[in-house]
Number of protein chains: 2
Amino acid sequence: MERKRSDLIADALEALILEGGFADGERLDEQQLAQRFDVSRTPLREAFQRLALSGLVEQIPRRGVFVRQPGPVEMMEMFEVMAELEAACARLAAARISEEALQNLHATNERCNAAVEARDHDGYYRENERFHAILYQQSGNGFLEQECQRLHKLLHPFRRLQLRLRGRLRQSMAEHEEIVSALEAGDGHRAAEAMRAHVAVQGEKFHHLVASLKHAAE
Amino acid sequence: MERKRSDLIADALEALILEGGFADGERLDEQQLAQRFDVSRTPLREAFQRLALSGLVEQIPRRGVFVRQPGPVEMMEMFEVMAELEAACARLAAARISEEALQNLHATNERCNAAVEARDHDGYYRENERFHAILYQQSGNGFLEQECQRLHKLLHPFRRLQLRLRGRLRQSMAEHEEIVSALEAGDGHRAAEAMRAHVAVQGEKFHHLVASLKHAAE
DNA sequence: GTCAATATTTTTGTATACAAGAAAGCAATT
DNA sequence: AATTGCTTTCTTGTATACAAAAATATTGAC
């Protein structure tokens, strides 16, 4: 599926914003960016629309578009919602998951564990993504899967940052095991609770990380 | 806040699609619609982008945009997700809700009840919306509130259709009372369960409605 | 008559031109 | 000197023009 220029620009801008390439509240200059990407204003504006819809940017009519870096509060809120959605996935998956998918989860967890031992952050991250993706899919609810992927993507930069936290990786793995175990038992409630806690703790850990970084800077 | 032409068109198209003004899979002709709305293709295309992001329309590069009427399956999936999100709202609200908001919910429920007695569908619908809006807000999570509103809007046409079901209104009211009661008691778990059931049953009822309509047509 | 290859038309994607609104700078008045 | 009103400039929103890709029609061969 061939993509168009405006899509590529949207992705590029999204990455730029998420990596912190722009300050919060900064106005995105159409002409400047048009030059930078070597396109006209038209595809840029289409890209802006996409970013506005996903909440990374605010469009004020006749004024321009401004980047909206989610602060710690909004970030926590997003994790809270993510926790609910993933918990729902887990609960539904407990009833619907296939034997094959369970095998897959086990294998993914093993690779994830190996990555932890090897201090392979990229590997850990990849397998962790896979673990969650499988669960979204096994919820059996395509719409839910879609929504989870969307939110997951929004939280991407935070989650990535969080990898720096020592000790968190091992704990996270233990939580994965608990989730799989609940799924194997077909216990929806337990799976949901385990998943909710797993995601919620990420949000909290990140919150602490941000707070400590801020504190260190003062 | 003045809005621009493309926003108005997006709203108009959204309404048209949701009311069933287009067949599923139908291609939206840019030129034709441009004439119809008396604008150029540019704002139309911006409107398309918005619709594509909210899932009402599918954009296939170099082919055009096609309306995507959600079928019964997708509709059920959406209700399932809505149920989860609203349940989360209820659970969070149980801990955070203000006395004033509780009063508000009571008042809204009374007006809702009155509308049921008076067979005032529009009134019922309006107060019902209000009930849910208050709960979203009282979750204390702005992001969750936003997501709920988005989904709520997507489900709008289905919910509307559902009003035709006799007897459902009274039952729905009883469910509202139960939710408020749980909130008053500060029982998050009970509030969440009541809310989940409340929304889920809407999805099921609607599913039956669709099935019966289909059956009648054969 | 059917299939295939090519030409034509249509339609999308992008660039540019134009119009209208907002911001900024300047001048005049108090 | 400060403030208000005007003018100028810059930016956004919309229209149109152009290019590239897809769909359709046409013609030729078998």
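Of the atoms of DNA strand D within 4 Å of the protein, what share belongs to sugar or phosphate, and what share to bases? Sugar or phosphate holds 70% of those atoms, and bases hold the rest.

Some ground rules first. This is a predicted model, in which local features need pLDDT of at least 70 and side-chain atom pairs count only at pLDDT 80 or more, while totals for chains, interfaces and linings use all residues. Residues are numbered from 1 along each chain as its sequence is written, chains are lettered from A and ligands numbered from 1 in the order in which they are written, and side-chain values use heavy atoms, with hydrogens and water left out.

I will stay with strand D. The strand is surrounded by 19 residues, where near means that a heavy atom of the residue lies within 4 Å of the strand. The closest are A:Arg41, B:Arg5, B:Ser40, B:Thr42 and B:Arg63. By class, this surface has 3 nonpolar, 5 polar and 11 charged residues. Here Ala, Val, Leu, Ile, Met, Phe, Trp, Tyr, Cys and Pro count as nonpolar, Asp, Glu, Lys and Arg as charged, and the others, Gly among them, as polar.

Now the polar contacts, meaning pairs of N or O atoms within 3.5 Å; within protein, one atom must be able to donate a hydrogen and the other to accept it, and residues adjacent in sequence count only if both atoms are side-chain atoms. A:Arg45 has a polar side-chain atom 2.9 Å from a phosphate oxygen of strand D. B:Arg5 uses a polar backbone atom, 2.8 Å from a phosphate oxygen of strand D. B:Thr42 reaches a base instead: a polar side-chain atom lies 2.9 Å from a base nitrogen of strand D. The helix α3(B) gives the most to this surface, with 3 residues. Helices here are DSSP runs (H or I, at least four residues), as are strands (E, at least two), numbered from the N terminus.

Next, strand C. How many residues surround DNA strand C? There are 20, and the closest are A:Arg5, A:Ser40, A:Thr42, A:Arg63 and B:Arg41. Sugar and phosphate make up 70% of the strand C atoms that come within 4 Å of the protein. A:Arg63 places a polar side-chain atom 2.4 Å from a phosphate oxygen of strand C. For B:Arg27, the distance from a polar side-chain atom to a phosphate oxygen is 3.2 Å. B:Arg62 has a backbone N or O atom 3.0 Å from a phosphate oxygen of the strand. On this surface α3(A) gives the most, with 3 residues.

That leaves the two protein chains. Their contact (heavy atoms within 4.5 Å) takes 30 residues from chain A and 31 residues from chain B. Together they bury about 2,900 Å², 55% of it on carbon and sulfur atoms; buried area is the accessible area (1.4 Å probe) that two parts lose on being put together, summed over both. The interface has 8 salt bridges, each a side-chain nitrogen of Lys or Arg within 4 Å of a carboxyl oxygen of Asp or Glu. One of them joins B:Arg45 to A:Glu46, with the closest N and O atoms 3.4 Å apart.

Finally, symmetry. Chain A can be laid on chain B with an RMSD of 0.1 Å by a turn of 180 degrees and a shift of 0.0 Å along the axis. The two copies are therefore related as by a two-fold rotation axis. The superposition is by least squares on the C-alpha atoms of residues with pLDDT of at least 70 in both.
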